[in-house]
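Me: I would like to go through this structure with you. Could we start with the charged pairs?

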Amino acid sequence: MTLYTVERGDTLYSVSQSFGVPAGLIAVWNAIPAPYTLVVGQCLLILTPSALYTVRAGDTYSSISARTGVGTRELFANNPNLLGGTAPLYAGQTLVISFEETPGASCEMTGYAYPFIETANLYYSLPYLTQIIPFTYGFRADGSLVPLDDERILSAARSGGTGSLMHLSTLTEGGNFSSELALSLFSSPAAMDTLARNVQRVINEKGYDGLDIDFEFIPGSAAADYADFIRRLRALLAPDGKTVIAALAPKTRDDQPGVLYEGHDYSLIGEAADAVLLMTYEWGYTYGPPMAVSPISAVRSVLDYAVSRIPREKIYMGLPNYAYDWILPYKQGYSRAVSIGNDEAVDIARRFGAEIKFDETSETPYFTYYDGGITHEVWFEDARSMQAKFDLIKEYGFRGGGYWNVMRRFAQGFLLQNVTFGLQRS
């Protein structure tokens, strides 16, 4: 495997000749659209196929699977252009059956999805996930659930052999996390019991593998109550073989100030839950100044603290599958970045003739471009930044990773995961 940085004068053909890999495959692996123009500074993921298959007239995914001995799930993971089986096959098409790059450590991968995810993007992501997490079930003060239209996601997951986790949060219909709702719940044993029973009912009725709980902006005075509620849910769901995962804000010390952090006691929640997901992203965020979403040094600080409080085999590391586009100059309290996809970021650089640079400190790519006299700055993820994050999962010996989110495609990111880890199934 090679992570190649495009130089001035490079073409898809010249890169193909240099590495002895078909240009069409390089284009697929890196989401390069026709007319296949490269961007200076762009990272290209170059792999080495060990077996290829040329599609014949009349072939189907099942017939190719039978002929080659590779499962359709693996076929889709090796060929992101198949969109998880939603893209049509055509005679003469070249498919990768296997790579010389063989996965090392195995791990679990989760990913969040809103109910309105595009069907092609949903099926595209499933071969790379142990579980998918539809976002989100809310609840009311009396413990009743705010329903979620999750059946389309669950049906697709079942058909693709991917597990699922129910997501429960304090997110209101207005789109904000409510500390008041959490405090109201914790003050009422009856409401907590009602909510726990409703969660159990939905999990069993819909075939979820467990629960991902995400209460944010909890005051420090309620930290023990939150951990106790997680413990209650785990005790209720464990007899059915269901898992409870808790999402945690990215802390670096016990007494870290701020309502985002104070209600998440790493030690208590780490003991109460089966596993935790560290939300190691959003340093660069919508209303903040331009910077990396998930700078590697900041992530490492969170990980070092987390493993001092929680067994590392219980930890999922958060992975960003999104980017931000800021308008410059940045004005605090006024500027608002636009969220875009990682593949989209490279397309923008291509369209505006920008040169992609790489920040060695954060291990993240970025670029500036000019549109109608307005300066923009974009920070995004590519194979280099994702390799750094995957290396951390291996280095720390974590249970796995979790994507926020899988609403968008990320060809080289998901494919890199595919050749780096053996994916554990639920």
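Reply: A salt bridge here is a side-chain nitrogen of Lys or Arg within 4 Å of a carboxyl oxygen of Asp or Glu. By that criterion, D228, R231 and E271 are linked in a network of salt bridges. The model is a predicted one: local features need pLDDT of at least 70, side-chain atom pairs count only at pLDDT 80 or more, and totals for chains, interfaces and linings use all residues. Residues are numbered from 1 along each chain as its sequence is written, and side-chain values use heavy atoms, with hydrogens and water left out.

Me: How many salt bridges are there in the whole structure?
Reply: The search finds 16 salt bridges.

Me: What is the N to O distance between R231 and E271?
Reply: The distance is 2.6 Å. R231 belongs to helix α9 (residues 223-237) and E271 to helix α11, so the salt bridge ties together parts 40 residues apart in sequence. Helices (H or I, at least four residues) and strands (E, at least two) are DSSP runs, numbered from the N terminus.

Me: Are R231 and E271 buried or exposed?
Reply: R231 is partly exposed, at 29% relative accessible area, and E271 is partly exposed at 46%. Buried means under 20% relative accessible area, exposed over 50%, and partly exposed in between (1.4 Å probe, protein chains only).

Me: What does L268 touch, leaving aside its neighbours within four places in sequence?
Reply: L268 is in contact (heavy atoms within 4.5 Å) with A224, A227 and R231. L268 is found in helix α11 (residues 266-272) and is partly exposed, with a relative accessible area of 33%.

Me: Which residue forms a salt bridge with R399?
Reply: The partner is E108, with the closest N and O atoms 3.6 Å apart. R399 sits in the loop between α14 (383-396) and β20 (400-404), and E108 in strand β5 (residues 106-113), so the pair ties together parts 291 residues apart in sequence. R399 is partly exposed at 23% relative accessible area, whereas E108 is buried at 11%.

Me: Now the core. Which residues have the most contacts inside the largest one?
Reply: They are L168, F186, I213 and F215, in a nonpolar core of 113 residues. Such a core is a set of buried Ala, Val, Leu, Ile, Met, Phe, Trp, Tyr and Cys residues joined through side-chain atoms within 4.5 Å. Not counting residues up to four places away in sequence, F215 touches ten listed residues' worth of surroundings, including F139, L168, F186, Y226 and H264. 

Me: What lies apart from that core?
Reply: Another core, of 20 residues, lies apart from it, with I133, F135, A247 and Y324 among its members.

Me: And the pockets: which residues lie nearest the centre of the largest one?
Reply: E282, Y285, Y322, Y324 and W404 lie nearest the centre, in a lining of 38 residues. On a 1 Å grid over the protein atoms alone, a pocket is an open set of points where a 1.4 Å probe fits, with protein on both sides within 12 Å along at least five of seven lines; lining residues have an atom within 4 Å of a point. The volume of the largest pocket is about 1,200 Å³, taken as the space filled by probe spheres set on the points, which are joined across faces, edges and corners.

Me: Which element supplies the largest share of that lining?
Reply: The largest share, three residues, comes from α12.
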